[in-house]
Amino acid sequence: MQSEQFLVMEGIRQGGVLSPVLFNLVMDDVIKETRGKTSKLYMGHRNLEPVWISECAFADDILVLARSDTELKKNLNIWNEKLKERKLKLNVSKTKIMTGGRPDIAVNVELNGDKVEQVSTMKYLGVHIESQGYQDQETRSMREYKHKSMVQSMEMKYLRKVLGITQKDKIRNADIRKQLQVQSVLSRIENRQLGWFGHLIRMNNDRPPVKKVWEAKRQIKRRKGRPPTTWDQGIARILESRGITRAEATTMAKNRKKWSTFVHGERQ
């Protein structure tokens, strides 16, 4: 039995190949309309010029930035209205607020009559972020056990169970991974970080906002205690452990094939 033809005025079929393309076009339009209306956040200086951004967008994961709760309310309301104009709904239950550097500050924001939850940690694009900016949240298990060796110990305990062996069998960790054809968790994390480093190095100048944010140097008053480890410092330590300098890595990363071989080795 075949129905009569009808027009689809809203939405598309579930799983349609055009879905991500159309969504990206709509979101690009929203970003362009909000630009110039939303308040921006100072990220630092690059080449003696201040760097300001108001949002980070990746598909439907949007990060809206502001300097104060007043500006945040303004930015969120602008985004909410522009989305409504396109019959898109902002999911308040999945929307979170986090303050940078001052987790003690309470921020009260309501959207569509519902209060937006404030958190001290959140996960954005698969990365754990803490309000105080500690990088350790990206590998939270490492922080809980205080040392990388504990992560490796847990990993090997699981792999031995997979093979049905124990430490009494005295089989080297490298041999166990080779038999199971798996890479260590710590190496996988480092490889992902180096992969992103290479992507940033090769990034063309036609994407200036991303390059500016990455290269921006913050100018803030240093607080008491040990300064938090930056992402660049973490990359420098990984490169040093692999016997290469930052300058050499920067040159090598411009060649995608050479950089991939250095990061992952020769792939079969």
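How many helices and strands does the chain have? The predicted model shows 10 helices and 10 strands.

**Figure 1. Overview of the predicted chain.** Of the 268 residues of the chain, 26% count as buried. The accessible surface comes to about 20000 Å², and carbon and sulfur atoms contribute 51% of that area. Among contacts with a separation of 6 or more, 50% are made by residues 24 or more positions apart.

**Figure 2. Close-up of the largest nonpolar core, which has 15 residues.** Leu72, Trp79 and Val109 have the most contacts inside this core. Two or more residues are given to the core by each of helix 1 (19–34) and helix 2 (69–85). Helix 2 supplies the largest share, four residues. Apart from this core lies another, of 11 residues, which includes Ile238, Ala249, Trp259 and Val263. In soluble globular proteins, nonpolar side chains tend to be buried together.

**Figure 3. Close-up of the surroundings of Trp79.** With neighbours within four places in sequence left aside, Trp79 is in contact with Met27, Val30, Ile31, Thr34 and Thr38. Glu55, Ile62 and Val64 are also in contact with Trp79.

**Figure 4. Close-up of the hairpin formed by strand 3 and strand 4.** Strand 3 (residues 55–58) and strand 4 (residues 61–64) run antiparallel and are joined by four bridges. Glu55 has Val64 of strand 4 as its bridge partner, and both of these residues are in contact with Trp79. Two residues lie between the strands. In the turn, Ala59 has a positive phi of about 55 degrees.

Terms used: Residues are numbered from 1 along each chain as its sequence is written. This is a predicted model: local features need pLDDT of at least 70, side-chain atom pairs count only at pLDDT 80 or more; totals for chains, interfaces and linings use all residues. Side-chain values use heavy atoms; hydrogens and water are left out. A nonpolar core is a set of buried Ala, Val, Leu, Ile, Met, Phe, Trp, Tyr and Cys residues joined through side-chain atoms within 4.5 Å. Buried means under 20% relative accessible area, exposed over 50%, partly exposed in between (1.4 Å probe, protein chains only). Contact means heavy atoms within 4.5 Å. Two strands pair if DSSP finds at least two bridges between them. Accessible areas come from the Shrake-Rupley method with a 1.4 Å probe; for residues, only the protein chains shown count as cover.
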